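Work through the exercises below with the sequence and the coordinates open. Each task is followed by a solution in steps.

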Amino acid sequence: GRRESYKHYPLPRMRNTYIDAGKDNPDDLIKGVKFGIYAKSLGGGQVDIVSGNFVFEVNEGYLIENGEITYQIRGANLIGNGPEIMKKVIGVGNDLEIEKRTGSCGKDGQYIPVGVGQPTILVSEITVGGTQI
């Protein structure tokens, strides 16, 4: 568990998320997608630590059509189950980047710093929620 300060009680929560670099060229991963979403930046979300179910907001995302990034999308969410999604990772890019800014994890009124780092990854399928405008 983590807590904001000694004045707060510990809670199970996010610390750092990291996926190591793979061997795939990120451009080749995108070229292999017939129809999908390129989620360049994720934002707020939540995870049920018992079931592994999650939902994350796509801060910056684009439609992929026939291997080409086409239109910017808005209001999308990625929804799934962490252990199940990890089984659906079919490509890992060689472009590992650690975020230079620190994010935060908020829970029960407490906010703590978190770090994120990962390369481009290709997932064979994931549920995308949102509204079409």
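The model is predicted.

**Exercise 1. Contacts of a strand residue**

Task: Find the element that holds N81, decide whether N81 is buried or exposed, and list its contacts beyond four places in sequence.

Solution.
Step 1. Leaving aside neighbours within four places in sequence, N81 is in contact with S51, G52, N53 and F54.
Step 2. N81 belongs to strand β5, residues 77-81.
Step 3. The relative accessible area of N81 is 16%. The limit for buried is under 20%, so N81 is buried.
Step 4. One of the contacts, G52, sits in the turn of the hairpin formed by β2 and β3, and has a positive phi of about 85°.

**Exercise 2. The β2-β3 hairpin and its aromatic pairs**

Task: Describe how β2 and β3 pair, then classify the aromatic pairs of the structure.

Solution.
Step 1. Strand β2 covers residues 35-47 and strand β3 residues 53-65; they run antiparallel and are joined by 10 bridges. The hairpin has 5 residues between the two strands.
Step 2. For the register, take G45, which stands opposite F56 in β3.
Step 3. The structure holds 2 aromatic pairs. In the pair Y38 and Y62 the ring centres are 6.4 Å apart and the planes make an angle of 25°. Planes under 30 degrees apart count as stacked, so Y38 and Y62 are a stacked pair.
Step 4. Y38 is in strand β2 and Y62 in strand β3, so this pair ties together parts 24 residues apart in sequence. Y38 itself is partly exposed, at 22% relative accessibility.
Step 5. The rings of F54 and F56 have centres 5.8 Å apart and planes at 40°, so this pair is tilted. F54 counts as buried at 13% relative accessibility, whereas F56 counts as partly exposed at 25%.

**Exercise 3. Salt bridges**

Task: How many salt bridges are there, and which residues form them?

Solution.
Step 1. The count comes to 2 salt bridges.
Step 2. K87 pairs with E84, with the closest N and O atoms 3.2 Å apart. Both residues are in helix α2 (residues 82-87), 3 residues apart, so about one helical turn separates them.
Step 3. K87 is exposed, with a relative accessible area of 64%, while E84 is partly exposed at 39%.
Step 4. The side chains of K88 and E125 meet in a salt bridge at 3.8 Å, N to O. This pair links distant parts of the chain, 37 residues apart: K88 is in the loop between α2 and β6, and E125 in the loop between β10 and β11.
Step 5. K88 counts as partly exposed, with a relative accessibility of 25%.

**Exercise 4. Strand β9 and its partners**

Task: Which strands pair with β9, and in what sense?

Solution.
Step 1. Strand β7 (residues 97-98) pairs with β9 (residues 110-118) in the antiparallel sense over 2 bridges. Here I98 stands opposite G117.
Step 2. Strand β8 (residues 103-107) also pairs with β9 in the antiparallel sense, over 5 bridges. G103 stands opposite V114.
Step 3. β8 and β9 form a hairpin with 2 residues between them, and D108 in the turn has a positive phi of about 50°.
Step 4. E4, in the segment before β1, touches G109, Q110, Y111 and I112. A polar atom of the E4 side chain lies 2.8 Å from the backbone nitrogen of Y111.
Step 5. E4 counts as partly exposed at 37% relative accessibility. Its C-alpha atom is 31 Å from that of A21, 17 residues away along the chain.

**Exercise 5. A buried loop residue and the nonpolar core**

Task: Locate T120, state which side chain it meets in a polar contact, and find the residues of the largest nonpolar core.

Solution.
Step 1. T120 lies in the loop between β9 and β10 and counts as buried at 16% relative accessibility.
Step 2. The side chains of T120 and D95 make a polar contact of 2.7 Å.
Step 3. Beyond four places in sequence, the contacts of T120 are P26, L29, G91, V92, G93 and D95.
Step 4. L29 also belongs to the largest nonpolar core, which has 5 residues: L29, I30, V33, I64 and L122.
Step 5. Within that core, V33 touches I64 and L122, and its contacts also include N66 and G67.

Key
Residues numbered from 1 in each chain as written. Predicted model: local features only at pLDDT ≥ 70, side-chain atom pairs only at ≥ 80, totals over all residues. Heavy atoms only, no water. Pairing = 2+ DSSP bridges. Buried < 20%, exposed > 50% of the residue type's maximum accessible area, 1.4 Å probe, protein only. Contact = heavy atoms within 4.5 Å. Polar contact = N/O pair within 3.5 Å; in protein donor to acceptor, adjacent residues only side chain to side chain. Core = buried A, V, L, I, M, F, W, Y, C linked by side-chain atoms within 4.5 Å. Salt bridge = Lys/Arg side-chain N within 4 Å of Asp/Glu carboxyl O. Phe/Tyr/Trp six-rings, centres within 6.5 Å; stacked < 30°, edge-to-face > 60°.
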